Amino acid sequence: MSVGSDWDRRFSDPSHPWSTEPDRLLVDLVDGLEPGRAVDLGAGTGRNSVWLASVGWDVTAVDASSVGLEKTREAAEAAGVEVKAVHQDLYRWSPAPATFDLVVMANLHPEPAHREQVFARSSEALVEGGHLFVVGHHADGIAKGAPGPPDPARRYTEDRLDGHFPGVRLDRLERIETGAADEGGSYDLVLLAWGVKVAGGGSPA
Ligand SMILES: C[S@@+](CC[C@H](N)C(=O)[O-])C[C@H]1O[C@@H](n2cnc3c(N)ncnc32)[C@H](O)[C@@H]1O
């Protein structure tokens, strides 16, 4: 089964509605940046793309799921904003270099064999001075029942992000825990990476 068809099935399941609220970490970090060109990698049903467009960004949403992209288009239309929807497998993605002022990768979790390449392409797509936002489920969350990919190899760890975005200086690399594991439902453990494209690259401050 291809990446896209698996997600098409999930996005078509009416018993599992997908959030339309943007990621709150993204909102906090992007607030105050001058809007420019943004690309949302693995945009899903477009919650982050639509929010970015609503605050002035020129947004390209990339995903392998045509159902997700259709929902993104519908959400953009309902919000009265424009989002460019691009149907693309990110494992075969070659963006034009230095094209975007912001790269967003929220809950993408590429397969390990493709992770390095997706991260490298994401870095290449940034202009110098452009920002990188990555958030995903931490591997350590599995033991406490946090949501995310069941395969720990696909989840994020500090070592899997730090130093893997060529030319990007990570200013933040933080675990963020929500809820209490013993109270069930709301517990989550995510890893946030936030950085800027610089000439020489770098590590977290
Ligand atoms: C968990 S959803 C996250 C959606 C959105 N970023 C969010 O945070 O709400 C993961 C998304 O990544 C997309 N995706 C996974 N692997 C992909 C690939 N190789 N190429 C393109 N999209 C991919 C899926 O189709 C799905 O829309």
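Does Val-168 count as buried or exposed, and how many C-beta neighbours does Val-168 have inside 10 Å? I took this up as my opening entry, keeping in mind that I am working with a predicted model. I found 25 C-beta neighbours inside 10 Å of Val-168, and because the cut-off for a buried residue is 20 or more, I entered Val-168 as buried.

I then looked up where Val-168 sits, and noted that Val-168 belongs to strand 6, which covers residues 168-178. I also checked its separation from Val-196, and although these two residues are 28 apart along the chain, I read 5.4 Å between their C-alpha atoms.

My next entry concerns Val-104, which I located in strand 4, spanning residues 100-106. I recorded Val-104 as buried, because there are 30 C-beta neighbours inside 10 Å of this residue. Leaving out residues up to four places away in sequence, I listed the contacts of Val-104 as Leu-26, Ala-38, Asp-40, Leu-41, Asn-48 and Phe-133. For Pro-166, which is 62 residues from Val-104 along the chain, I noted a C-alpha separation of 16 Å from Val-104.

Finally I turned to the ligand and asked which residues come nearest to it. The shell holds 17 residues, of which I wrote down Trp-7, Gly-42, Gly-44, Ala-64 and Leu-90 as the nearest. I noted that helix 1 (3-12) and helix 3 (47-54) are the elements that contribute two or more residues to this shell. Sorting the shell around the ligand by class, I entered eight nonpolar, six polar and three charged residues.

Terms used
Residues are numbered from 1 along each chain as its sequence is written. This is a predicted model: local features need pLDDT of at least 70, side-chain atom pairs count only at pLDDT 80 or more; totals for chains, interfaces and linings use all residues. Helices (H or I, at least four residues) and strands (E, at least two) are DSSP runs, numbered from the N terminus. A residue is buried if 20 or more other C-beta atoms lie within 10 Å of its own, exposed if 12 or fewer, and partly exposed in between; C-beta atoms are placed from the backbone. Two residues are in contact if their C-beta atoms, placed from the backbone, lie within 7 Å. A residue is near a molecule or strand if its C-beta atom, placed from the backbone, lies within 6 Å of it. Ala, Val, Leu, Ile, Met, Phe, Trp, Tyr, Cys and Pro count as nonpolar, Asp, Glu, Lys and Arg as charged, and the others, Gly among them, as polar.
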